[in-house]
Amino acid sequence: MLLPAELAARARDVLAGRVKPVQARDAATVVLLRPGPEVYLLRRKATMAFAAGAYVFPGGSVDVRDTDHDVAWAGPSPAEWAAVLHADEAVARGLVCAAVRETFEESGVLLAGQGPHDVVADTTGDDWEADRLALIDHALGFAEFLARRGLVLRTDLLKAWAHWITPEVETRRFDTRFFVAVLPEGQRTRDVGGEADQVVWRQPAEALDLAHRGEIFLMPPTYRTLSELAGCADVAEVLATPRDIVTVMPKAVEIDGEMRLVVS
């Protein structure tokens with residue numbers, strides 16, 4: 001991936017030690033799946049400071065309240081997630097909560113239920129929308145949101161998929177765990193606006209083809225994730241695919257006088 005001139009100049013400064021890399025923030029991303037298989041993608045607004053115009057999966061940074069021990073929890077424990085994600089328990093707790101919270105904020109889909117064996121069937125309506133907006137505005141904490149509705153976080157509905165860290169040359173950096181999850185029966189995604197100006201369902205191979213033709217823009221983590229999913233015949237195969245979570249961080253290298261990002 002060829003770096004634009006401004007970022008290429010910064011990359012040279014970082015590599016030479018003249019500029020110190022920005023600390024990466026913990027973040028979580030969820031690949032929502034439905035039969036096909038198809039994935040849910042959002043196009044980030046052209047005005048966004050990071051990944052403007054790119055098609056991405058729902059997700060965002062971990063909020064300090066995502067690590068709240070008051071979050072009602074069902075499924076694998078934070079300790080179990082810590083082992084899977086190769087993180088300490090507090091970070092793992094925050095990542096799982098952020099994954100579910102951000103998915104609800106950016107798609108209207110909620111991976112939670114009244115107990116460990118059920119899931120919310122419908123998240124439409126003015127009351128749900130008010131809660132979604134309150135979460136985005138930080139007027140409502142995730143633990144309070146679940147408690148108010150008598151819900152528990154269904155951590156068993158998530159499957160860890162990957163771990164990507166934004167290159168050191170970027171001015172905004174994220175230490176992101178990728179998860180996959182199946183769209184719960186009865187729920188549906190909706191265009192909720194915010195950071196995105198368009199949402200679509202696409203088969204992974206179809207999204208890759210559009211990217212190859214230059215019709216959509218995909219960041220390296222999204223491209224690789226879609227490539228991996230394209231090899232699965234259905235949702236069941238995705239969920240059954242063994243995953244060893246290995247950290248990937250693209251690096252800037254100079255090739256024939258041009259600065260490029262290389263993913264190993």
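Helices (H or I, at least four residues) and strands (E, at least two) are runs assigned by DSSP, and their numbers count from the N terminus. That is how a name such as β12 arises, and we will meet it at once below. Please keep in mind as you read that this is a predicted model.

## A turn after strand β12

Let us start at strand β12, which covers residues 251-255 and includes V253. Between β12 and β13 (258-262) there is a loop, and D256 sits in this loop. The phi angle of D256 is near 55°, a positive value in a residue that is not glycine. Is D256 buried or exposed? D256 is exposed, because its relative accessible area of 78% lies over the 50% cut-off.

V253 also takes part in a nonpolar patch on the surface, together with I255 and V262. The accessible area of these three residues together is about 190 Å². V253 has 32% relative accessibility, so it counts as partly exposed.

## A small list of empty spaces

Now we can look inside. Rolling a probe the size of a water molecule over the atoms shows where empty space is left. How many cavities of 30 Å³ or more does the rule count? The count is one, and the space in this largest cavity is about 60 Å³.

Which residues line the largest cavity? They are D63, R65, D66, R101, L135, H138, L140, G141 and F142. Sorted by class, this lining has four charged, three nonpolar and two polar residues.

## Residues around the cavity

Several of these lining residues have further details to offer. D63 and R65 join their side chains in a salt bridge, with 3.7 Å from N to O. D63 has a relative accessible area of 18%, which means it is buried, since the cut-off for buried is under 20%. R65 reaches 32% relative accessibility, so R65 counts as partly exposed. R101 has a salt bridge too: its side chain meets that of E102 at 3.2 Å, N to O. Both of these partners, R101 and E102, are buried.

H138 belongs to the loop between α4 (126-136) and α5 (142-149). Its phi angle is near 65°, again a positive value in a residue other than glycine. H138 is partly exposed, because its relative accessible area is 48%.

## A pocket with a nonpolar lining

Next comes the second largest pocket, with a volume of about 180 Å³. Its lining is made by M1, W164, A211, I216, F217, L218, M219, P220, Y223, R224 and V263. What classes do these residues fall into? The answer is 10 nonpolar, one charged and no polar residues. Which element gives the most to this lining? Helix α7 (residues 220-229) does, with three residues.

## Salt bridges elsewhere

The structure holds 20 salt bridges. One of them links E215 to R213, where the closest N and O atoms are 2.9 Å apart. R213 has a relative accessible area of 47%, so it is partly exposed. Salt bridges can also connect into a network here: D127, D131, E144, R148 and R149 are linked in this way.

## A cis peptide bond

Back toward the start of the chain, a cis peptide bond joins G36 and P37. Omega for this bond is about -15°. P37 lies in the loop between β1 (25-34) and β2 (38-44).

## Two buried strand residues

Finally, compare positions along the chain with positions in space. A162 is part of strand β8 (residues 159-165). A162 is buried, because its relative accessible area is 7%. How far is the C-alpha atom of A162 from that of R243? The two atoms are separated by 7.8 Å, although the residues are 81 apart along the chain.

W201 offers another example, this time from strand β10 (residues 196-202). With a relative accessible area of 13%, W201 is buried. W201 and D234 are 33 residues apart along the chain, and their C-alpha atoms are separated by 15 Å. You can look for both pairs in the structure above.

Definitions and conventions. Residues numbered from 1 in each chain as written. Predicted model: local features only at pLDDT ≥ 70, side-chain atom pairs only at ≥ 80, totals over all residues. Heavy atoms only, no water. 1 Å grid on protein atoms, 1.4 Å probe; cavity = no way out; pocket = protein on both sides within 12 Å on 5 of 7 lines; lining within 4 Å. Points joined across faces, edges and corners; volume = space filled by probe spheres on them. Nonpolar A, V, L, I, M, F, W, Y, C, P; charged D, E, K, R; others polar. Patch = residues over 30% accessible without salt bridge, like charges linked within 9 Å, V, L, I, M, F, W, Y side chains within 5 Å. Areas by Shrake-Rupley, 256 points an atom, 1.4 Å probe, with all protein chains shown as cover. Salt bridge = Lys/Arg side-chain N within 4 Å of Asp/Glu carboxyl O. Buried < 20%, exposed > 50% of the residue type's maximum accessible area, 1.4 Å probe, protein only.
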